[in-house]
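The following exercises invite the reader to examine a protein model step by step. Each task is followed by a worked solution.

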Number of protein chains: 2
Amino acid sequence: MKYFIDQLQQKIEEKDSRICVGLDPHLEMMPENVLAAELLEDIETNQKEIADSVLKFNQNLIDAVADMTAVVKPQMAFYEKLGVPGMECLWQTIAYAKTKDLIVLLDGKRNDIGSTAGAYAEAYLENKKIGVDSITINPYLGSDGVLPFLENKEKGAFALLRTSNPSAVDLQDLKLDDGRTVYQAVGDFLQDLGRDYLGECGYSNLAAVVGATYPKELKEIRSQLDSVFFLIPGFGAQGGGAADIKAGFDEDGRGAVVNSSRGINFAYRQEEYSYFGAENYAKAARAAAEKMKKEINDVLK
Amino acid sequence: MKYFIDQLQQKIEEKDSRICVGLDPHLEMMPENVLAAELLEDIETNQKEIADSVLKFNQNLIDAVADMTAVVKPQMAFYEKLGVPGMECLWQTIAYAKTKDLIVLLDGKRNDIGSTAGAYAEAYLENKKIGVDSITINPYLGSDGVLPFLENKEKGAFALLRTSNPSAVDLQDLKLDDGRTVYQAVGDFLQDLGRDYLGECGYSNLAAVVGATYPKELKEIRSQLDSVFFLIPGFGAQGGGAADIKAGFDEDGRGAVVNSSRGINFAYRQEEYSYFGAENYAKAARAAAEKMKKEINDVLK
């Protein structure tokens, strides 16, 4: 039995890559040769055809980046939007990623009271046919909403700590009477709770999500929490750069992965990669992933 | 165009009922005549058969309580646990509830950054074939994670404020430097944000979830927030009683619905209703719903 967090750390080192490739099929950004625009005029009627196109798109993306990423992260909202066929597409995407020996981090930000959180853990982490390795969760309900996701030590959970969006400040930055912010208190809470789930690498199966778009906070949270592994979203399309995320890693360049979704999935739409053309979207994605991988490794040297 | 919250208030008055019936198919509690226990030995293989049984169970429950409840609330985790067939069952359950003219509150506690929150809203609130009326959300990401769920004024969102579980205290009860608790600050945040979405009834399409298991807090939150409608879970199986939830309503007995899931779904397993027998689970559910409806109306008189 190998702890989730040790599996993740090992795969990162094998591939010498600290990137996480999000699989966020924004339908309106899909290449026309994969998804005919007229199908989007009535999404509910065309769910099955659209979902089939998304699966093909995802499989090509996974093939293109599998040797240079440890983790892929499907964002559930985009699959749920396609109803039942969308969920079929999600499960097929997960299964395909597992055939490529990738770690799958399901981005669903699930949360509920204990017995229901347990049902979510069973739904995704404990599925015996298609294993998801880890899931994002929202910690607002406290420990009994978090612990069910940690029961199986081969699986992991990434709890929201400081998110990457502009309105993260609304509640997460409120000041407590002990001087901490709410997000710092969430950080302490996660680190304490995670101590019973520490892998050999020194990090816990209970990881956290900390946005790349707030570099000052990222640095401060890293120094506050020495056993909490970070998923750092917000790189690329949301505005975070390699210099911004350096502070999220420990001194040995460990303890974090950096996510990009749109910036890789739809790289063919960026001027820098437009020479590939829409039909070569997967090659464009590979080029963008390669560049991101290198930028992060360079800044950590 | 009628605001979601006015539709809800009207239906509550029509039926003179302040209950919400959760549809939480805990598989191990299902009657043997509906779901054969041996199917549960390998849930992944038997997903389709189990989901078909759950749908039949839900349809019978809905038939049994449709005249005495304004709202039904399927808890998504229990459907997601059954994979793709589970999501088919969820959508069929929603569609069936709509044929009975019930308001459907989908309990998924969804949350994400703006563009992704928008995808969740499209997935459920904006589906043109099967309309969900409202959804539970988690407010931790702040306003840009909440507003996409309010765009359509015929639909509503119920944001977690103070949850019903024991560890709600872990983060929600932390004290801020201005003397408020985190959950009180969340309450103010939701009331402020909801002011642009007020219906004629004086309440907002942005409603909140406040547990029945903390009566003191419930009372205090009601007096703090005069335009936020409450969903009050935790009645029955989780320990809250009719006297506990009275404080969640306004002086006119408006402004809240009280949820019970297990206490109604599986009433046949309680000593009080065991005389119905497992095969009459729907009749037992009706009796439990009737009693709950009356207890709440009595305490509000």
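**Exercise 1: A loop residue in each chain**

Asp101(A) is situated in the loop between helix 4 and strand 3 of chain A. The model is a predicted one.

Task. State what sign phi has at Asp101(A) and at Asp101(B).

Solution. Step one takes chain A: Asp101(A) has a positive phi of about 65 degrees, although it is not a glycine. Step two turns to chain B, where Asp101(B) is found in the loop between helix 4 (83-99) and strand 3 (103-110). The phi of Asp101(B) is near 65 degrees, again a positive value in a residue other than glycine.

**Exercise 2: The overall form of chain A**

Task. Determine how the radius of gyration of chain A relates to that of a compact globule.

Solution. Begin with the composition: chain A has twelve helices and eight strands. Next, consider the extent of the C-alpha trace, which spans about 55 × 45 × 40 Å along its principal axes. For 301 residues, a compact globule would have a radius of gyration near 19 Å, and chain A agrees with this because its own value is 19 Å. Then consider burial: 66% of the 301 residues of chain A count as buried. Finally, take the contacts in chain A between residues at least 6 apart in sequence; 72% of these join residues at least 24 apart.

**Exercise 3: The interface between the chains**

Task. Describe the extent of the interface between chain A and chain B, and identify which three residues of chain A supply the most buried area.

Solution. First, count the residues: 63 residues of chain A are in contact with 63 residues of chain B. Second, take the area. The size of an interface is often given as the accessible area lost when the parts come together. Chain A and chain B bury about 5100 Å² between them, with 56% of it on carbon and sulfur atoms. Glu44(A), Tyr140(A) and Leu171(A) supply 16% of the area that chain A buries against chain B, more than any other three residues.

Third, examine the polar and charged pairs. Eight salt bridges are counted between chain A and chain B. Glu44(A) forms a salt bridge with Lys128(B), and the closest N and O atoms of this pair are 4.0 Å apart. There are also 39 residue pairs in polar contact between the two chains, both residues being at pLDDT 80 or more.

Fourth, assign the contacting side of chain A to its elements. Among the elements that each supply at least two residues are helix 4 (83-99), strand 3 (103-110) and helix 5 (114-124). Helix 5 of chain A gives the most, with seven residues. By class, this side of chain A has 26 nonpolar, 20 polar and 17 charged residues.

**Exercise 4: Helix 5 of chain A**

Task. Explain why helix 5 of chain A is described as largely enclosed.

Solution. First, list the buried residues of helix 5, which include Thr116(A), Gly118(A), Tyr120(A) and Tyr124(A). Then weigh their number: eight of the eleven residues of helix 5 are buried, so the helix is largely enclosed by the rest of the structure.

**Exercise 5: The setting of Asn46(B)**

Task. Decide whether Asn46(B) is buried or exposed, and identify which residues Asn46(B) touches.

Solution. Start with the position: Asn46(B) lies in the loop between strand 1 (19-23) and helix 2 (47-65) of chain B. The cut-off for a buried residue is under 20% relative accessible area. Asn46(B) therefore counts as buried, with a relative accessibility of 16%. Next come the neighbours. A polar atom of the side chain of Asn46(B) lies 3.1 Å from the backbone oxygen of Asp42(B). Leaving aside residues up to four places away in sequence, Asn46(B) touches Glu38(B) and Leu39(B).

How values were computed
Residues are numbered from 1 along each chain as its sequence is written. Chains are lettered from A and ligands numbered from 1 in the order in which they are written. This is a predicted model: local features need pLDDT of at least 70, side-chain atom pairs count only at pLDDT 80 or more; totals for chains, interfaces and linings use all residues. Side-chain values use heavy atoms; hydrogens and water are left out. Contact means heavy atoms within 4.5 Å. Buried area is the accessible area (1.4 Å probe) that two parts lose on being put together, summed over both. A salt bridge is a side-chain nitrogen of Lys or Arg within 4 Å of a carboxyl oxygen of Asp or Glu. A polar contact is a pair of N or O atoms within 3.5 Å; within protein, one must be able to donate a hydrogen and the other to accept it, and residues adjacent in sequence count only if both atoms are side-chain atoms. Helices (H or I, at least four residues) and strands (E, at least two) are DSSP runs, numbered from the N terminus. Ala, Val, Leu, Ile, Met, Phe, Trp, Tyr, Cys and Pro count as nonpolar, Asp, Glu, Lys and Arg as charged, and the others, Gly among them, as polar. Buried means under 20% relative accessible area, exposed over 50%, partly exposed in between (1.4 Å probe, protein chains only). The radius of gyration is taken over C-alpha atoms; the globule rule is 2.2 Å times the number of residues to the power 0.38.
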